[in-house]
Amino acid sequence: MCGIIGYLGPKDVVPLLIEGLKRMEYRGYDSAGVAVYDGKTLNTRRTPGKIAKLEAALAAAPLAGHVGIGHTRWATHGPPTEKNAHPHRSADGTVAVVHNGIIENANALRSALQELGYVFTSDTDTEVIAHLIQELFDGSLEEALLAALSKIEGTYGLAVMCDKDPNKIVAARKGSPLLIGVGVGENFLASDPSAILAHTRQVVYLDDGDIAVIERDSYRVIDAHATPMSRKVDRILWDLAEIERGGFDHFMLKEIFEQPTSVENTMRGRLILDDGTAKLGGLNLSHDELLHIDNVIITACGTSWHSALIGEMMIEELCRIPVEVEYASEFRYKNPIVTDRTLCIVMSQSGETADTLAAMREAKRRGARTLGFVNVVGSTIAREDDGGVYLHAGPEIGVASTKAFTSQVVALALFTLKLARKHDLSVVRGREIAQAMHHLPDQIRTVLESAKAIETIAEEFKDATNFLYLGRGYSFPTALEGALKLKEISYIHAEGYPAAEMKHGPIALIDEEMPVVFVAPHDAVFEKVVSNIQEVRARHGRTIVITSRDEPNLKGLIDYEIRIPETLDMLMPILAAVPLQLLAYYIAVKRGANVDQPRNLAKSVTVE
Ligand code: M6R
């Protein structure tokens, strides 16, 4: 979603802000802007559309200085136009504000400010903050911000500059991530570490309620009463290469091809082959606590919700503990049955998804123990959970989640293995699962060898207008994930269904125009899926079948076959997801879609 960057130091600020904004492009945005202090006054440039347009505006009317803030906006209040792009200025032009989040009492504040004579020039909720700070300013920008925040309700990651108190950026966080990048003779502010990774690895993650006062040679963090807060300096462990495309046409393709490594990294040091179990250091649950879990709730959104469905099956099958999977957006407003023996697993690549975070807080409030299965180190979910499992998949830049999904399933398998061995899973069965997991990276390499063949299939189906994805058992969530991948990046309507459920409605859609992707590895329900394939063929549907064996029963039923290696049923989604990702990717590329930044989508959805 929206991105924030700020800088104070010796460097020319404009190229630095633009570079930081470009590094956050993957998050999704529809307008961009910068504010720069030139030594005398504050000036802004803002444009709708991509950052290239902002660069063109800056080339036509350059700005220069050593202090500045920049923003990419994903429209919520008002369309993506120049007047709605951030930074927003106060009526007298002295204050510039960039903001992620939503000010809930913006209408009331707007009316009150209008009565004082303030004229609004945008449709945004953010503009009220700029005018409010102008109204409350009395010599100190941080004091004006504190006073303004006491009147604001809602969520925010905020950065503010003022040319009456010019050599500082003040920032505030409530519900929208922000961090300070600590340099030597320079300091940074960002909503995403990737924005500043080229300049410093030293970061201070702000907590909700923190206000930061950042100057060129120093920074301090205070609370709403101006009391100093102590915050530790963390180190970003990623390399710059990990957030660059490295010779691939798109981040999504790079991330698909990274999966042998990302899956290996999720398991590294955790899989204990001899004992058939897993070591997960961050759970913060004792042996007794693990044994006394009555039920598990897994909450998530989107792709993470699909991995949760796979986790549900694994845990119920091997640990015999009841599991419910809840859309985070629904869970947070329900009256769920949660006790102090409920374990709530919170799945999130970004660790910042607003609904997932709210669901976790609700589960916690009701007494559940929470475990975050999160990829982004230091993210809000990772910092607020009771314990967790980092995915270690490396930064995922493509908006369509790929390697995070396979790592989520691996992390859930590790957790299941550990929990099941504490219950009554035998060492023999535990070893069998651990061995099968150990082979996954090589097996993914084998699947990736089919990329060219899948590209040919994509050519055949690139003009389709609808797709059905069907699977049963562990392959049902995989089918859902395949359909989501296709629709989000190619804009082709696609639906995932349990294969047998097709007869109860979607079968009406099947004719010679309808491609149907079957996820049909040779697992416990394979024979049943063959019957479903026959039903589609009988109605002249076109079949693309992901299988794991040469199977006489399938002869004559398949238009296109994609072969994956055999593994345990519970691990099949990890292998079957890869060809589905490739199919979606190649179809989208052939349709000319912007694969890494699909329209209307954001990498992490930080609004409700
Ligand atoms: O960061 P999260 O895992 O919490 O994100 C959840 C969804 O927004 C995300 O998985 C989304 O569905 C992706 N675009 C799917 O590719």
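Here are some short exercises on this structure, each with a worked solution.

The model is predicted, so local features are given only at pLDDT of at least 70 and side-chain atom pairs only at pLDDT 80 or more, while totals for chains, interfaces and linings use all residues. Residues are numbered from 1 along each chain as its sequence is written, and side-chain values use heavy atoms, without hydrogens and water.

**Exercise 1. The domains**

Find the domains of the protein chain and the separation of domain 1 and domain 3.

Solution.
- Step 1: Mark domain 1 at 3-236, domain 2 at 244-438 and domain 3 at 443-597. These bounds come from an automatic or database domain assignment.
- Step 2: Take the centres of domain 1 and domain 3 over C-alpha atoms; they are 45 Å apart.

**Exercise 2. Two helices**

Compare the length of helix 16 with its expected span, then do the same for helix 11. Are these helices enclosed, and what follows from their buried residues?

Solution.
- Step 1: Locate the helices. Helices (H or I, at least four residues) and strands (E, at least two) are DSSP runs, numbered from the N terminus. The expected span of a helix is 1.5 Å times one less than its number of residues.
- Step 2: Helix 16 covers residues 475-490, 16 residues in total. From first to last C-alpha, helix 16 reaches 22 Å, close to the expected 22 Å.
- Step 3: Helix 11 covers residues 354-365, and its twelve residues should span 16 Å; the end C-alpha atoms are indeed 16 Å apart.
- Step 4: Look at burial (buried is under 20% relative accessible area, exposed over 50%, partly exposed in between, with a 1.4 Å probe and protein chains only). In helix 16, 13 of the 16 residues are buried, so the helix is largely enclosed by the rest of the structure. Helix 11 has nine of its twelve residues buried, so it too is largely enclosed by the rest of the structure. Among the buried residues of helix 11 are Asp 355, Met 360 and Glu 362.
- Step 5: Go one residue past helix 16: Tyr 491 has a positive phi of about 65°.

**Exercise 3. Salt bridges**

Which parts of the chain does the pair Arg 23 and Glu 244 tie together, and which residues share a network with Glu 455?

Solution.
- Step 1: Recall that side chains of opposite charge can pair when their charged atoms come close. A salt bridge here is a side-chain nitrogen of Lys or Arg within 4 Å of a carboxyl oxygen of Asp or Glu. The whole structure holds 45 salt bridges.
- Step 2: Arg 23 and Glu 244 form one of them, at 3.3 Å from N to O. Arg 23 sits in helix 1 (residues 13-23) and Glu 244 in the loop between strand 15 (234-235) and helix 6 (251-257), so the pair ties together parts 221 residues apart in sequence. Glu 244 is partly exposed, at 33% relative accessibility.
- Step 3: Arg 366 and Glu 362 also meet in a salt bridge, at 2.7 Å from N to O. Arg 366 is partly exposed at 23%, whereas Glu 362 is buried at 14%.
- Step 4: Glu 455 pairs with Lys 590, with the closest N and O atoms 3.6 Å apart. Glu 455 lies in helix 15 (residues 451-461) and Lys 590 in helix 18 (residues 572-590), so this pair ties together parts 135 residues apart in sequence. Salt bridges that share partners join Lys 452, Glu 455, Glu 459, Lys 462, Asp 463 and Lys 590 into one network.

**Exercise 4. The ligand**

How many residues surround the ligand, and how much of the ligand does the protein bury?

Solution.
- Step 1: Count residues with a heavy atom within 4 Å of the ligand. There are 14, the closest being Ser 304, Ser 348, Ser 350, Thr 353 and Glu 488.
- Step 2: Find the helices involved: helix 9 (302-319) and helix 16 each supply at least two residues of this shell.
- Step 3: List polar contacts (pairs of N or O atoms within 3.5 Å; within protein, one must be able to donate a hydrogen and the other to accept it, and residues adjacent in sequence count only if both atoms are side-chain atoms). A side-chain N or O atom of Glu 488 is 2.5 Å from a ligand oxygen. A backbone N or O atom of Ser 401 lies 2.8 Å from an oxygen of the ligand.
- Step 4: Taken alone, the ligand exposes 410 Å², and the protein buries 92% of that. Such areas come from the Shrake-Rupley method with a 1.4 Å probe; for residues, only the protein chains shown count as cover.

Terms used
Near = heavy atom within 4 Å.
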